[in-house]
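Here is a quick tour of a few local features, meant to be read with the viewer open. Rings come up to begin with, then a helix, then a serine.

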Amino acid sequence: MSLSTAITIAQSAFNTTAAQTAVVSKNIANAGNADYSRRMALLGSTPNGAQVVSIYRAQNEALLKQSIASIGQSSGQSRLLSGLELLKSSLGGNDYETSPATFLAAFRDSLQTFASTPGNPAMAASAVSDAGDLANAISTTANAVQSLRADADKEIAIEVEKLNSLLADFENANNAVKSATAQGQDPSEALDQRDKILKQVSEIIGISTVTRANNDTVIYTADGTVLFETMPRTVTFAPKAAYDATITGNKIYVDGVPVAAGAGANTTAEGKLASLLQLRDDVAPKFQSQLDEIARGLVTLFQEGNPSGVPPIPYAPGLFTWSGGTVPPAGTVVPGLAATLAVNPLAKANPMLLRDGGFNGVVSNPGGAATPDAGYTALLEGFIAAMGEGMAFDPATGLDGSSSILDFATSSIGWLEQLRSTASTASDNKSALLARTQEALSKETGVSIDEELSLLLDLEQSYKASAKLVSTVDAMMAALLEAVR
């Protein structure tokens with residue numbers, strides 16, 4: 001081997017070691033970056049020794065797709081659970097101490113206490129006060145439900161805007177990948193960016209991907225609608241200014257195709273949008289309908305005759321009234337009734353009307369309005385008995401269509417807690433699946449500091465060997481020059 005050849009080989013070794021060291025250094029610098037895929041310098045043999053012929057980016061398409069799917073499922077389940085937790089907190093938290101069922105039981109107890117001492121004005125005032133607390137709890141909860149729907153609607157608008165922005169970014173990253181691939185350049189940086197955007201998109205809406213020739217990627221929604229192909233598809237949504245029980249929210253459209261809402265406590269939703277639709281259009285409205293039926297039941301149970309002079313005597317609201325001012329038809333939800341439920345102002349002015357009747361001119365007390373019987377309890381006992389007797393409820397509420405109002409109110413809380421509990425378990429399971437999937441993907445594509453440092457030590461030895469070769473050639477050159485002299 002000539003001295004010039006030895007120098008060339010040493011120079012090639014230095015260049016190769018420098019390139020490998022740069023790759024290792026970049027890996028170490030990105031060890032904590034979950035969106036970075038490990039790089040490896042691939043060597044090839046040449047007349048001048050080994051050289052870096054390409055930079056390989058670690059990847060596993062199957063695990064990446066599974067990770068993207070798991071992100072969507074976990075994100076959707078988590079958002080549903082957070083909405084259910086908000087509903088629970090509006091009812092007092094773990095014990096549901098401010099729920100309509102709690103106040104309904106307290107009101108029934110007050111009626112029983114009043115019935116035991118019907119001549120006591122303080123007991124009458126206490127019963128009316130508890131009735132007011134009950135009505136307020138129902139109307140406050142109804143307002144909280146509509147606030148949840150309004151907040152979900154606003155969040156949908158924010159997420160749709162974010163989704164459109166991400167799709168525009170994805171177009172740039174995808175074009176960069178295609179361009180680098182077509183020109184035979186390293187597309188690793190653009191691929192990292194593209195995969196990062198895919199993960200962010202999957203948090204918002206469930207997606208699947210197909211990679212075509214030239215590394216071009218097409219994105220589909222979970223139900224098969226094209227979300228991106230060469231260019232982003234338009235995602236549109238028109239938010240509502242306000243919400244009440246009579247308002248239906250607008251749909252989200254992907255290129256004119258509506259996005260489906262999630263279903264069930266272990267939700268089918270993938271991504272936040274489907275869960276937000278489920279909360280806004282399914283969970284909250286159903287709970288609202290249960291509140292409306294409890295309110296309708298109270299108005300019905302405490303109704304009172306309203307003499308018109310023409311039989312049969314019509315009935316009108318008594319102790320409990322609402323904005324409609326009528327006794328609603330049996331077994332049918334009246335949307336929004338709960339939000340306006342209130343105690344009749346006449347009861348606050350004269351609590352004894354609860355014992356005697358007379359809200360609408362029909363006095364039940366045999367002594368009449370002028371000289372009422374202080375021991376009269378028939379009306380109170382009738383109310384107490386009616387609260388425990390079966391009545392018709394709308395089956396659209398998802399609860400028993402025939403039960404007492406006390407059981408119906410309790411079942412409503414049970415329905416919500418069952419939904420929340422199942423959603424919580426499902427959220428834990430999906431989060432665990434996501435963690436395992438990401439761990440498996442990280443093992444395949446992530447950076448191991450130990451491995452990189454070990455490789456760095458090997459490169460150090462390679463550098464030392466090359467330096468030794470240069471030192472030897474230098475000594476030989478010096479000896480040759482000395483011999484010539």
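How many aromatic pairs does a search of the whole structure find? The search finds seven. Keep in mind that this is a predicted model.

**The rings around F107**

Let's start with F107 and F302. Their ring centres are 5.6 Å apart and the planes sit at 45 degrees; that angle is neither under 30 nor over 60 degrees, so the pair is tilted. In sequence terms the two partners are distant, with their positions 195 residues apart: F107 belongs to helix α3 (residues 100–116), while F302 is in the loop between α6 (272–301) and β10 (304–305).

F107 has another partner, F320. Here the geometry is edge-to-face, with 5.7 Å centre to centre and 85 degrees between the planes. This pair also links distant parts of the chain, as F320 lies in strand β12 (residues 320–321), 213 residues apart from F107 in helix α3.

Side by side, the two pairs look like this:

| Pair | Centre to centre | Angle between planes | Class |
|---|---|---|---|
| F107 and F302 | 5.6 Å | 45 degrees | tilted |
| F107 and F320 | 5.7 Å | 85 degrees | edge-to-face |

Are these rings buried or exposed? F107 has 0% relative accessibility, which is under the 20% cut-off, so F107 counts as buried. F302 is at 2% and counts as buried too, and F320, at 0%, is likewise buried. If you zoom out a bit, ring pairs tie F107, F302, F320 and F383 into a cluster.

**Helix α2 and its ends**

Next up is helix α2, which covers residues 61–90 and has 30 residues. From its first C-alpha to its last it reaches 44 Å, close to the 44 Å expected at 1.5 Å a residue. At the start of α2, N60 offers a side-chain oxygen that comes to within 3.3 Å of the backbone nitrogen of A62. Past the other end, α2 is followed by G92, and the phi of G92 is positive, near 105 degrees.

**A serine ahead of α10**

Where is S404 found? Look in the loop between β15 (402–403) and α10 (405–445). With a relative accessible area of 5%, S404 is under the 20% cut-off and therefore buried. Its side chain reaches the backbone nitrogen of D407 at 3.1 Å. Leaving out residues up to four places away in sequence, S404 touches M387, G388, E389, G390 and F393.

Methods:
Residues numbered from 1 in each chain as written. Predicted model: local features only at pLDDT ≥ 70, side-chain atom pairs only at ≥ 80, totals over all residues. Heavy atoms only, no water. Phe/Tyr/Trp six-rings, centres within 6.5 Å; stacked < 30°, edge-to-face > 60°. Helix = DSSP H or I, 4+ residues; strand = E, 2+ residues; numbered from the N terminus. Buried < 20%, exposed > 50% of the residue type's maximum accessible area, 1.4 Å probe, protein only. Expected span 1.5 Å × (residues − 1). Polar contact = N/O pair within 3.5 Å; in protein donor to acceptor, adjacent residues only side chain to side chain. Contact = heavy atoms within 4.5 Å.
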